[in-house]
Number of protein chains: 2
Amino acid sequence: MAPVHPFDSAKDFEIRLASKLVKDAYPASANVHFVQIDRLDPPKKDMIKYLEAEKHGFPLPNISRVLYCYYYTNTLDFNKALVNVSVGHIITKTQLPKGINGPLLPDDVMALEELCNSHPAVVAEIEKLKLPPGYSVRNDPWIYATDDPNETRPLVQFFMYVLAGNGHTESNHYSLPLKFSPVFENFSRKFVRMDFLPGGFDETTTPTLPWQEVPAVEYHPDLNGEAQFRDVRPLLISQPDGPSYTVEGSKVNWQGWQFRVAFTSREGFAIYDARFKGRQVFYRLSLSEMTVPYGDPRAPYHRKQAFDLGDCGFGVNGNHLNLGCDCLGVIHYLDGFGISGAGEPFVIPNTVCMHEQDNGLLYKHVNYRTNNAVVARKREFVVQTIATVANYEYIINFKFVTDGSIDIETRATGILSTMPIDENVKVPWGTIVGPNVMAAYHQHILSFRIDPAIDGHKNTVVYDDTLKLPRDKLNPYGIGFVSDRTYVEKAGHVDQSPFTNRTCKIINENVINPISKTPVGYKINMPARQMILADDDSYNVKRAKFATEQVWVTKYRDHELFAAGEFTNQSKTDTGLAVWANGVDAVRNEDIVVWATVGFTHIPRVEDFPVMPVETHSIQLAPFNFFDRNPALDLPQATNGFNKSTLYSSGAEGEKACCKTKI
Amino acid sequence: MAPVHPFDSAKDFEIRLASKLVKDAYPASANVHFVQIDRLDPPKKDMIKYLEAEKHGFPLPNISRVLYCYYYTNTLDFNKALVNVSVGHIITKTQLPKGINGPLLPDDVMALEELCNSHPAVVAEIEKLKLPPGYSVRNDPWIYATDDPNETRPLVQFFMYVLAGNGHTESNHYSLPLKFSPVFENFSRKFVRMDFLPGGFDETTTPTLPWQEVPAVEYHPDLNGEAQFRDVRPLLISQPDGPSYTVEGSKVNWQGWQFRVAFTSREGFAIYDARFKGRQVFYRLSLSEMTVPYGDPRAPYHRKQAFDLGDCGFGVNGNHLNLGCDCLGVIHYLDGFGISGAGEPFVIPNTVCMHEQDNGLLYKHVNYRTNNAVVARKREFVVQTIATVANYEYIINFKFVTDGSIDIETRATGILSTMPIDENVKVPWGTIVGPNVMAAYHQHILSFRIDPAIDGHKNTVVYDDTLKLPRDKLNPYGIGFVSDRTYVEKAGHVDQSPFTNRTCKIINENVINPISKTPVGYKINMPARQMILADDDSYNVKRAKFATEQVWVTKYRDHELFAAGEFTNQSKTDTGLAVWANGVDAVRNEDIVVWATVGFTHIPRVEDFPVMPVETHSIQLAPFNFFDRNPALDLPQATNGFNKSTLYSSGAEGEKACCKTKI
């Protein structure tokens, strides 16, 4: 077995050891109940030495493997322990203050679902529905979010739906939302209250009445009523000589790129120590947090604000990816580990996939005098994970490109979170997507954490605006424009300014490009977007300060990984960027972290139901005066001897096409 | 041979007939010299009848084929004729006023290149360079643009470069710009004057001195000095059962989409009569114009403003696309026709290519209770053309998607337009990209013309802003937000407003979606961008009003196709949107045209030289409450039986991967 690298994800034996040590530290009566266990990143100062030694083939320093454990004791006390699993001892264990809640454990969610549907208060409501035969009730446990400064209990709000489909497990219950919504206390499993949901324009609710039968809008091919499926012909992607990448443990080598990929419970995966053509570019890259606030102001919808990483874990809700399904070609998979409440690890198989793909042309030039063309195709290496967070799916792709750039792509798909709506009612905060079912407007706001190492760890964020020159002797025709640079000196954010073409760059002021005579850097290409829409003093904003701006810069400190803070479930305030972007820390020519917020306001379309075609958003990280010329000039030229494409042929057209090959 | 469809591109015999009829209308002494001949679109009112008849299998009305001819007579008189080639007569022929110039004919550009380099005034300057053996001089003829209200001559400005490479035709002359720049009159071939180019910070120029030898930055694999090319393994795309599309003449059928594709001399290609699942969505789609203004204010660079469609023709500068090179898979090609000055057509082979491709996931949902997944992949049908406009290449992709959306993608590549710069000089309007060579900041601003037919020809443009609700009884927590709609009533533009999530939609107010109870429509997704940077009263802006705003709406009129007007070469004013977006025409529930401007300010990177990795920009047209649910539910589910992907294997990793298939 290969030795464990400090960046490798947590191993099953490490998780087992950590949970055993923690359990052993309590009496059995404490009923230690784990909700998340994973590896902490090693201290960066140690890792810098480690990576230098690794690069030069020197003896490697010892770096302890440390795991964090989140767990409840005595039913409702939430604790965090740090465990050194290299030496086998607990470093710290702390009971956290009341009101700090851990993430939901998937096993607990499943158990809560059963609890809810069998609770007398819920059963009583279900009976009032007088459902016809073949119909039953399904619930979605939801994070409770925050609307009360005095609430400290770990709560779960259940949204209730009719399950049609005559027993088919894949019937789309989201199509048939009900109007009652019980709240339970997690762990104690106490019933707290029954909320009722409005069906008209305002917040008025009614007692539960017999269910008015409407057809479900089904997505599953067994149920969706499509009489005929489209005749799509296979499009096969093969690599007869094998792929252009190699993977050893967590280490990937591909087309000049070298980096490590590690599954993490909270983020899905993180990329470590990314280098291109031997030069350091990024120390760590990952999704950091996501918040999904809804715009329907009526109780209890005002509390619909999910934090899909902090509240439940993106990694532990990761899909088991399937060959020939979630990506095509020659695929390498990584597994992850989830845990049970007892702290026992289980494999989440194939939850990160990697492959290379073609993405059209990378560059081309034709000399029109000779008709000679130079053409290289754009090959990408994709690291992908997909998480299912109840109704929604998020597809996260980090795409490494042969020209030294990285595209970070988010695709949102899955099923809209729906609300009941009475017939002939319209609301200004939602779209009717099926009979008696409404999908409220909402936002998806993701923070990606970019820990740069542009030719080293001392980096600076600048932003360049493109500005008109004044009309004067030098610019008599009024057409001149120039680039104007501003340096970010203190931890904080950069305002958006699309109309001045504002572009943020991460530069290294200590390394000057010999051609341009300017500092080497990477730029961040990202469109200007509407950020979080709630009032500044709303809980939505107080809990997700990161969602108010598109670019943040902070000074690097170990373990500052999550944009809204470590604990988001029912949080009352953002303990991440709200604290770290303090306006005080010097961030020029320092070890810094950049946080890029990708936001999209989702006004649901009827076409987004019953399952949503992907909405795709990207951030590009591209070298900017980093290399001394196009770094992809060493790509082989595109030819059909290599790519083996064929001509379309169909009767007369076919013959015509064949003739063309002679031209 | 299939009958000619009114939307088919001009046929060679039609071009021959038109040019013969025009030539025959003049005495031989007039020296008729053609610069562009192509088909006019048929009148829409006739085509609506034709398409209805075609749809129902009724007898087809006769629609005459009409060609336009642009040509010079008596050396410098510019004329336009319209020729009915169905009946064989000239409809009109008109001499255009002095100062209106036609597009450059590629043959003429080649001849001008020779003229320039052999002209005594130029030869004299070249001699002063005292070039070492193995070096010669190459020139790029450039459109002259505009800085003088009294200038009416057809002029060409030549940028001069050293050609290194020891006789290799593909040496990158753009790397070695010279400091003299002759101007010639086109057609008369008169030498007008010698401009000199500054090398320092300001506009000071110097007489030609012996050339200071610096190495060229080469892109061609023979010359670029790469010792070792990357080991990229083949990634083959095959369709063993054939593609999912059929093409008959100009008509494409693919996955519910039906449309026609026709090559055009000016636009590359146009899409006609696009329908999805039997419903009309767009009558015509095409690139309409592109302007490329440069920000270097110093003479003569202030005149660097290309109109890549109007000044020279995007189609007639189209590449000959190669199998397995410009796109992969099963490819269908269309040819185009260029002409000689004598009006003789020649084939531009394979200048439009079409194929289908995979683009990741289209939708996915996993029921976390059962782990059952519904997954469909995103298949796209791509219509692509690539034009070489001197130094730059533009790749235009219209991508039709299985969910009823269309992505219009522009990729800019090729070689930066360069300027000489003296050693140790920096300028605020350009990047040094190699020894003594600078690339000025510039903008690429493209207008795409969208002629909608959303369930018919009476359409309306609206824009929706997402706005916070005030905090009140209905919104006590300050988290509510709603969508606010504005109707465009008069021909004009829509202001950008990214921070209110402003989204333009083309709707049909006469057709109500039965689910959402709102008008059916398509939305236009496009990021907010910096528009043209020059002063409002500059020629750059006066000539390209379209480049000042991102969305324009006009009333449909036949032959209003080009955003900056019909004649852009040395134009003094925009005769397109500047006229048609008049604030007067009613455009609500009318036959309308939408013009979407995609702009990007290009601050060159060293990495963009000597050939530029693609910079990619997109507009998405997506159904918005057009269908009654996700229209892609009839796609087959993704499986590996269909897609035949394989697992990565490498020693121990391979075994591990194999085991995983059993999980």
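A salt bridge here is a side-chain nitrogen of Lys or Arg within 4 Å of a carboxyl oxygen of Asp or Glu. This is a predicted model, in which local features need pLDDT of at least 70 and side-chain atom pairs count only at pLDDT 80 or more, while totals for chains, interfaces and linings use all residues. Residues are numbered from 1 along each chain as its sequence is written, chains are lettered from A and ligands numbered from 1 in the order in which they are written, and side-chain values use heavy atoms, with hydrogens and water left out.

**View 1. Salt bridge between B:Asp8 and B:Lys11.** The closest N and O atoms of B:Asp8 and B:Lys11 are 3.8 Å apart. Buried means under 20% relative accessible area, exposed means over 50%, and partly exposed is in between (1.4 Å probe, protein chains only). B:Asp8 counts as buried because its relative accessibility is 8%. B:Lys11 has 25%, so it counts as partly exposed. Over all chains, the structure holds 97 salt bridges.

**View 2. Salt bridge between A:Lys179 and A:Asp422.** The N to O distance is 2.6 Å. The pair links distant parts of the chain, 243 residues apart. A:Lys179 sits in the loop between β6 and β7 of chain A. A:Asp422 sits in the loop between β21 (418–420) and β22 (430–434) of chain A. Helices (H or I, at least four residues) and strands (E, at least two) are DSSP runs, numbered from the N terminus. A:Lys179 is partly exposed at 26% relative accessibility. A:Asp422 is partly exposed too, at 30%.

**View 3. Salt bridge between B:Asp464 and B:Arg485.** Here the closest N and O atoms are 2.8 Å apart. B:Asp464 belongs to strand β25 (residues 460–468) of chain B, and B:Arg485 to strand β26 (residues 481–487), 21 residues apart. At 5% relative accessibility, B:Asp464 is buried. B:Arg485, at 28%, is partly exposed. In chain A, salt bridges that share partners join A:Arg39, A:Asp41, A:Glu267 and A:Arg284 into one network.

**View 4. Surroundings of B:Lys80 in strand β3 (residues 77–84) of chain B.** Contact means heavy atoms within 4.5 Å. Leaving aside neighbours within four places in sequence, B:Lys80 is in contact with residues including B:Cys69, B:Tyr70, B:Tyr71, B:Thr92 and B:Phe567. A polar contact is a pair of N or O atoms within 3.5 Å; within protein, one must be able to donate a hydrogen and the other to accept it, and residues adjacent in sequence count only if both atoms are side-chain atoms. The side chains of B:Lys80 and B:Glu566 make such a contact at 2.7 Å.

**View 5. Surroundings of B:Glu615 in strand β32 of chain B.** A polar contact of 3.0 Å joins the side chains of B:Glu615 and B:His617. Not counting residues up to four places away in sequence, B:Glu615 touches B:Thr410, B:Arg411, B:Ala412, B:Phe600 and B:His602.

**View 6. Cis peptide bonds before A:Pro610 and B:Pro610.** In chain A, the bond joins A:Phe609 and A:Pro610, with omega about 0°. In chain B, B:Phe609 and B:Pro610 are joined with omega about 5°. A:Pro610 lies in the loop between β31 (592–602) and β32 (612–624) of chain A. B:Pro610 lies in the loop between β31 (592–602) and β32 (612–624) of chain B.

**View 7. Positive phi at A:Asp455 and B:Asn436.** A:Asp455 is not a glycine, yet its phi is about 55°. Its place is the loop between β24 (442–452) and β25 (460–468) of chain A. Phi of B:Asn436 is near 60°. B:Asn436 is in the loop between β22 (430–434) and β23 (437–440) of chain B.

**View 8. Helix α3 (residues 106–118) of chain A.** Its buried residues are A:Asp108, A:Val109, A:Leu112, A:Glu113, A:Leu115 and A:Cys116. They pack against β1 (33–39), α4 (120–129), β5 (136–143), β6 (155–163) and β7 (180–185) of chain A.

**View 9. Interface of chain A and chain B.** In all, 193 residues of chain A are in contact with 193 residues of chain B. There are 18 salt bridges between the chains. One of them pairs A:Glu113 with B:Arg369, the closest N and O atoms being 2.7 Å apart. Strand β17 (residues 345–367) gives the most to the side of chain A that touches chain B, with 14 residues.

How values were computed:
The expected span of a helix is 1.5 Å times one less than its number of residues.
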